[in-house]
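User: I'm new to reading protein models and would like some help. Could you walk me through this one, feature by feature?

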Amino acid sequence: MGNKELELGFQKILEGNKSWVEFVKNDTSGRFEQLAKGQSPEILWIGCADSRVPANEIVGSKPGEVFVHRNIANMCVHSDMSMLSVLDYAVNVLKVKHIVVAGHYGCGGVAASLSRQQFGVIDNWLCHIKDVYRLHAKEIDGITDHEEKVNRLIELNVKEQVFNLCTTSIVQNAWKNNQPLAVHGMVIDIGSGKLQDLDNTFTSNEALGKVFAFQ
């Protein structure tokens with residue numbers, strides 16, 4: 001790609017912003033003036049960085065209604081300070097009531113984790129997904145169709161990330177303080193736009209097991 005193409009791409013960004021500014025200016029609901037004063041979302045969305053899965057559009061929400069953190073394959077890694085910082089702010093400052101961990105079928109990160117190919121620095125991140133495979137290897141290896149194998153690991157990965165999220169001190173302390181907070185695991189079907197509930201919701205640490213549940 002030459003400099004001309006790069007310049008045209010940048011101009012497209014600026015033109016898109018001009019259209020957005022006109023939309024905001026002509027909006028008569030007053031919601032943008034309200035948003036300028038602060039935010040009070042009820043949802044924290046932890047999703048994949050994939051460009052096809054925008055949180056607001058998927059749940060039909062407006063700007064200011066969803067607090068978002070995204071990374072490759074919607075991971076909740078206990079040592080990830082970026083994710084923990086977002087989680088802490090969402091739970092302890094914004095007082096969100098729902099946390100959604102949202103995977104999506106056809107996730108390239110999950111598919112890559114099932115290969116033996118090297119991709120670069122991301123290989124270190126994909127090791128977290130490989131750990132999920134290791135926990136469920138018998139089930140995954142029993143699936144012969146590759147697409148079904150990947151999609152099943154996508155579902156299992158979401159469930160493991162929900163568990164990881166629930167075992168953080170941030171979430172458990174919120175429950176300990178009787179703060180209403182639900183953590184949900186879901187998967188998006190990009191083709192239909194449907195958000196599939198994995199029936200994997202936690203509202204307390206009672207189901208985490210005594211090693212993980214703080215007193």
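User: How much space lies in the largest pocket?

Analyst: Keep in mind that this is a predicted model. Here's the general idea: rolling a probe the size of a water molecule over the atoms shows where empty space is left. In this case, the largest pocket holds about 230 Å³ of space. Its lining is made up of 15 residues, and the closest to the pocket's centre are His128, Asp131, Val132, Gln161 and Asn164.

User: Which elements give two or more residues to that lining?

Analyst: Those are helix H6 (122–135) and H8. H6 gives the most, with five residues.

User: Let's zoom out a bit. How many helices and strands are in the protein chain?

Analyst: You'll find nine helices and five strands. Read from the N terminus on, the order is α-α-β-α-β-α-β-α-α-α-α-α-β-β. As for dimensions, the C-alpha trace spans about 55 × 50 × 30 Å along its principal axes.

User: And what share of the residues is buried?

Analyst: Of the 215 residues in the chain, 41% are buried. The accessible surface comes to about 12700 Å², and carbon and sulfur atoms account for 53% of that. You can also look at how the chain meets itself: take the contacts between residues at least 6 apart in sequence, and 64% of them join residues at least 24 apart.

User: What about charges? How far apart are the mean positions of the positive and negative ones?

Analyst: There are 21 positive and 25 negative charges, and their mean positions are 3 Å apart.

User: Now a single helix, please. Which residues of helix H9 are buried?

Analyst: H9 covers residues 169–176, and its buried residues are Ile170, Val171, Gln172, Ala174 and Trp175. To see what covers them, look at the neighbours, which include helix H4 (81–92), strand E3 (98–104), helix H8 (146–166) and strand E4 (182–189).

User: And what follows H9?

Analyst: H9 is followed by Asn178, which has a positive phi, near 60 degrees.

User: What should I know in general about the sign of phi?

Analyst: Most residues other than glycine have a negative phi. So a positive value is worth a second look when you meet one. Here, Asn74 has a phi near 45 degrees, positive although the residue isn't glycine. Another one is Asp199, with phi near 55 degrees.

User: Where do Asn74 and Asp199 sit?

Analyst: Asn74 is in the loop between strand E2 (66–71) and H4. Asp199 lies in the segment after strand E5 (194–197).

User: Is each of them buried or exposed?

Analyst: A residue counts as buried under 20% relative accessible area and as exposed over 50%. Asn74 has a relative accessibility of 2%, so Asn74 is buried. Asp199 comes out at 73%, so Asp199 is exposed.

User: Can we try that cut-off on a helix residue? Why does Ala112 count as buried?

Analyst: Ala112 counts as buried because its relative accessible area is 15%, and the cut-off is under 20%. You'll find Ala112 in helix H5 (residues 108–113).

User: Which residues is Ala112 in contact with, leaving aside neighbours within four places in sequence?

Analyst: Those are Phe119 and Leu126. For a sense of distance, compare sequence with space: Ala112 and Ile122 are 10 residues apart in sequence, and their C-alpha atoms are 9.8 Å apart.

Conventions:
Residues are numbered from 1 along each chain as its sequence is written. This is a predicted model: local features need pLDDT of at least 70, side-chain atom pairs count only at pLDDT 80 or more; totals for chains, interfaces and linings use all residues. Side-chain values use heavy atoms; hydrogens and water are left out. Helices (H or I, at least four residues) and strands (E, at least two) are DSSP runs, numbered from the N terminus. Buried means under 20% relative accessible area, exposed over 50%, partly exposed in between (1.4 Å probe, protein chains only). Contact means heavy atoms within 4.5 Å. Accessible areas come from the Shrake-Rupley method with a 1.4 Å probe; for residues, only the protein chains shown count as cover. Lys and Arg count as positive and Asp and Glu as negative; His and the chain ends are not counted. The place of a charge is taken as NZ of Lys, CZ of Arg, CG of Asp or CD of Glu. On a 1 Å grid over the protein atoms alone, a cavity is a set of points where a 1.4 Å probe fits but cannot get out, and a pocket is an open set with protein on both sides within 12 Å along at least five of seven lines; lining residues have an atom within 4 Å of a point. Grid points are joined across faces, edges and corners, and a volume is the space filled by probe spheres set on the points.
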